[in-house]
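User: Please take a close look at one part of this protein for me. I want the cysteines and the helices beside them, in plain terms.

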Amino acid sequence: MTTDVWFVMLPGVLSLDMTGPAETFVLAGDAFRLHYIGPDEQVPTSIGMTMGNIQPLPDTLPTGSLLVLPGVCDSNQFFSTSQAELVRRWLTRQQPMIHSGQLTLMCVCSGSLLAAKAGLLHGVQCTTHHDVISRLKAAAPGAIVKENRIFIEDKGIWTSAGITSGIDLALHLINRLYGPERAMSVAREMVVWFRRSGDDPQLSPWLRYRNHLHPAIHRAQDALTAAPQRSWPLVDIAERAHVTPRHLTRLFKQHLGISVRDYLEQLRLALAEQRLLQGSGVEQAAQAAGFTSARQLHRARQRALADQSTSVDTLHQH
């Protein structure tokens, strides 16, 4: 079986939104056949290159096709062009096939905004890049917008978050259509360490607490993220950061809002989840991530869930 993949190309297309999934599908061998369609024969991209040999928008697509809407570098500008309007009307005409499951829709990053403008997301659970969430809600008031997701599927419509999440979603679809062995083979070829699930947060522990400028904290984080599974006495971490343990504790609380121990535990939780996604057992995943046992991993998970619940309650109060 070969799946036809149709990339809709508009001026300003984010190159990695398109090339990331495209390369992923190509590495799956003869499983996918790629097409590039749009109003123009060639389009300028986000990196200054021009992509050509773009075919006109067909009246209909073959049943079983995958339709991909990449994002653009400035969605305010490039989704307001005459070309985008042509695509919007064309997408609206594809709505019956999409909603009946004859076509699968894949939106990468701000591509979900174009789907929203075409009326495709009403009553659909969806997501997008965290910087565009509010605009997605405004463009599709009837959509069920989910925040802090890598990707999500509902009614045959897949939407994803930031630029590289298109690769994650492409790997997930390969897994869905052709099995985990082929998906893992592609991931290894691409040197992608693991395939994230859709429920993973957009801002992982490796990124979430990096929005600061303090060099000592960065030194500590660099050491911990390089090997979260090893034993880390506070004195060793402080030595890597070139500060005292007491001062490092104060810095983490002041700049990150969490303790050194909690930060390390979040890294280990993420590492354990990666191992589980790769097929490891719970005990094996726990020990590989630096936990002493599956029970300790379970307790860490429970604390993380409690923290998430507390954060949601706080947001609701505000």
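Analyst: There are zero disulfides anywhere in this predicted model. Cys73 is in no disulfide, and the nearest cysteine sulfur, that of Cys109, is 11 Å away. A disulfide needs two cysteine sulfur atoms within 2.5 Å. Cys109 is likewise in no disulfide; for Cys109 the nearest cysteine sulfur belongs to Cys107, at 11 Å. Are these two cysteines buried or exposed? Cys73 counts as partly exposed because its relative accessibility is 45%. Cys109 counts as buried, because its relative accessibility is 6%.

Now step along the chain to Asp74. Asp74 sits in the loop between strand 5 (66–69) and helix 2. With a relative accessible area of 32%, Asp74 is partly exposed. The C-alpha atoms of Asp74 and Leu169 are 22 Å apart, with these positions 95 residues apart along the chain.

Next comes Ser75. Ser75 lies in helix 2, which covers residues 75–78. Its relative accessible area is 8%, so Ser75 is buried. What does Ser75 touch, leaving aside residues up to four places away in sequence? The contacts are Ser80, Ser110, Leu113 and Arg135. With Arg135, there is also a polar contact: the two side chains meet at 2.6 Å.

Helix 3 follows in the numbering, at residues 82–99. Helix 3 has 18 residues, and at 1.5 Å a residue these should span 26 Å. Its end C-alpha atoms are 26 Å apart, so the expected span and the model agree. Helix 3 does have a kink, of about 40°, at Arg93. The kink falls shortly before the proline Pro96.

Which residues of helix 3 are buried? They are Gln83, Ala84, Val87, Trp90, Leu91, Gln94, Met97 and Ile98. An α-helix has 3.6 residues a turn, so residues three or four places apart point the same way. Ala84, Val87 and Trp90 are among the buried residues of helix 3. After helix 3 comes Gly101, with a positive phi near 85°.

How far can the model be trusted? The mean pLDDT of the protein is 89, and 92% of its residues reach 70 or more. Residues 311–318 stand apart from that: pLDDT stays under 50 there. For residues 311–318 the model has zero contacts beyond four places in sequence. Where pLDDT is low, the predicted coordinates should not be read in detail.

Methods:
Residues numbered from 1 in each chain as written. Predicted model: local features only at pLDDT ≥ 70, side-chain atom pairs only at ≥ 80, totals over all residues. Heavy atoms only, no water. Helix = DSSP H or I, 4+ residues; strand = E, 2+ residues; numbered from the N terminus. Buried < 20%, exposed > 50% of the residue type's maximum accessible area, 1.4 Å probe, protein only. Polar contact = N/O pair within 3.5 Å; in protein donor to acceptor, adjacent residues only side chain to side chain. Contact = heavy atoms within 4.5 Å. pLDDT = per-residue confidence, 0-100. Expected span 1.5 Å × (residues − 1). Bend = angle between axes of the 7 residues up to and from the residue.
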